[in-house]
Amino acid sequence: MTSTAVVIGAGLAGARVAQRLGAESPEGVESPGGTGGPEGTGGPGGPGTVLIGEEDHAPYNRVLLAEVLAGRYGADVITLPKPPGTTLRTRVVRVDRAERRVHCADGTVVPYGTLILATGSNPVLPPLRGLFAPGARELPGGVHAFRTMDDCLALSAAVTPGVRVVVIGGGLLGVSAARALAERGAQVVLTQQAERLMERQLDPASSELVRAHLTGLGVEVHTECRVRGVGVTDGAVRSVELADGYSLDTDLTVLACGVRPRTGLALAAGLDVRKGIVVDDRLRTSDPHIRAVGDCAEHAGRVYGLATPALEQADALADDLLGRGAAPYTGSRMLTRLTLAGPGPLDLAAFGDPEPHPDDDVIQLTDATRGTYRKVVVRGDRLVGGVLLGDLAAVGALARAWEADDPLPDDDSPLLHLLTHPQALDSVRAGQTPIGGR
C-alpha cells in the first residue's frame, strides 16, 4: 500500500483533513517545495489519502457526545461523512521518519509522503488518593472519563433514574455531562475547584446563570471545592472525599478535569514537543514531511483544545497541501458555543476577552425572568469580547464583527444598540447604514 497523505487520528480535525484531501485532490497533494507533485510520488495522480483511527466507531462529532448521553441522539446521528480514500481502524505504534512509514498495532505498515498528526488529546486523570491501586492502569469500577464514544456509551448504559453521580470538573465538559445526566434522572453533584463554573469562558454573572440553570434541573453544584480522593469498596468507587473532610456517596463518578495533548508518537519519533507538537504557520512540525493539527498541535505557544480552532487548522492545512495559495495560519480567535436542547434548553456563547480593562466600554443586558444575558466589551473602536446566554439571536452578527476585527462605526448613537440590534453590524460592514440607523 502506498499513499500520498496519511492522517493519524479520526477526530474532527483528522476527518476534516481527510475529507478535504480525498474530495478535492484528484491530482494529488502538493509537495513541500510547491512543485505540484504529491510528496513521495514524484508527480500528480497520487493514490489517495489514508485515515487511521484507533476507535472502533466511525469518525463522529465529539462536540455532540453530551446529546448522546442525554438520550436525544443515537450514536449514528453524530457520525461524520465517510471521507474518500482508505480508512483503517487500528492503533499506530510507531512512526519511522527515515523510511517514511507508519507502523500499526495490527501489523499494517503504511508509507507516507505527507504525514498528518491529528492525535487529539487524552482526558486528564486527577491525582486522587485511591483512584488507582498500586500497579493498576485501569480505572476502578464506577469511574468514567467522558471523552470518547466508548466513554459515552458506557456511562449511558450505567445511568438509571435515581442513580447517584458525582461529576468532578465544572468546565465546559463537566457542565455538559452534569446537565445530560440530570436529564436522565440521575442525582447529580457537580464539583468545581475554581471559584465559578466555566471560569475560562464566562464572567461571574453569566457563570452564575449557568449555575442557576443546573440547579433548576436538580444538580447540586459546589464551587471552590477540591476533591482529595475516592473510597473504593469491592473494586468500585462508592464515595468521593473532599479536601474539607466531607464525603459524597456515589454510584458513578465522572472525570471531566480537562484534556492533555496526545504527543507520545511525536515524542518517540523525535519531533519538537512542548505542551503540544510544535508547528509553524503552515502547520509543519520540525520534520517538513509531518504536519500536526487539532488538540495535539501547539502553534505560537498555544494549544487550543477546542473544536473551532481544530477545524480552522484542518482547513488551512488542506488548502496548503492542495496548492490553493492559502494564507498562513496565524491562530484562531476563540469562540466557545454550547447549545444543549431538551427541556429548558441551555444556549451560550463566549468570545474574546469578556473581562474589561479600565478604559473599555461595557454594554450589558440581563433579563433574570427569561434567563438571558448579553455582554460585550468594546476597546477603542474594536469589539474585543462578549458573553451571551439564553436568546442567542445576537451571536451571529456579534461573532462575525469580532472575528473580522473591523473597526466599529462612530458612536453616533448609543452603544446599547450593539446588543439590541446586533444585525446592524452586518449592515454597517456592508456599507448600508450606520449603527443605530433604521
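## The second largest pocket

In this predicted model, the second largest pocket (an open set of points on a 1 Å grid over the protein atoms alone, where a 1.4 Å probe fits, with protein on both sides within 12 Å along at least five of seven lines) has a volume of about 220 Å³, the volume being the space filled by probe spheres set on the points, which are joined across faces, edges and corners. Local features need pLDDT of at least 70 and side-chain atom pairs count only at pLDDT 80 or more, whereas totals for chains, interfaces and linings use all residues. Residues are numbered from 1 along each chain, and side-chain values use heavy atoms, without hydrogens and water.

The lining (residues with an atom within 4 Å of a point) includes Leu 209, His 213, Asp 347 and Arg 370, and divides into six nonpolar, four polar and two charged residues, with Gly counted as polar and Ala and Pro as nonpolar. Helix H5 (204–216) and strand E22 (346–352) each supply at least two of these residues, and the largest share, three residues, comes from H5; helices (H or I, at least four residues) and strands (E, at least two) are DSSP runs, numbered from the N terminus.

## Strand E7 and its partners

Strand E7 (residues 114–117) is covered on both faces, with Thr 114 and Ile 116 buried on one side and Leu 115 and Leu 117 buried on the other, where buried means under 20% relative accessible area with a 1.4 Å probe, protein chains only. In a regular strand the side chains alternate between the two faces of the sheet.

Strands pair if DSSP finds at least two bridges between them. E7 pairs in the parallel sense with E1 (residues 5–8) over four bridges, Val 6 standing opposite Leu 115, while three bridges join E7 to the parallel strand E19 (residues 290–292), where Arg 291 stands opposite Ile 116.

Key
Buried < 20%, exposed > 50% of the residue type's maximum accessible area, 1.4 Å probe, protein only.
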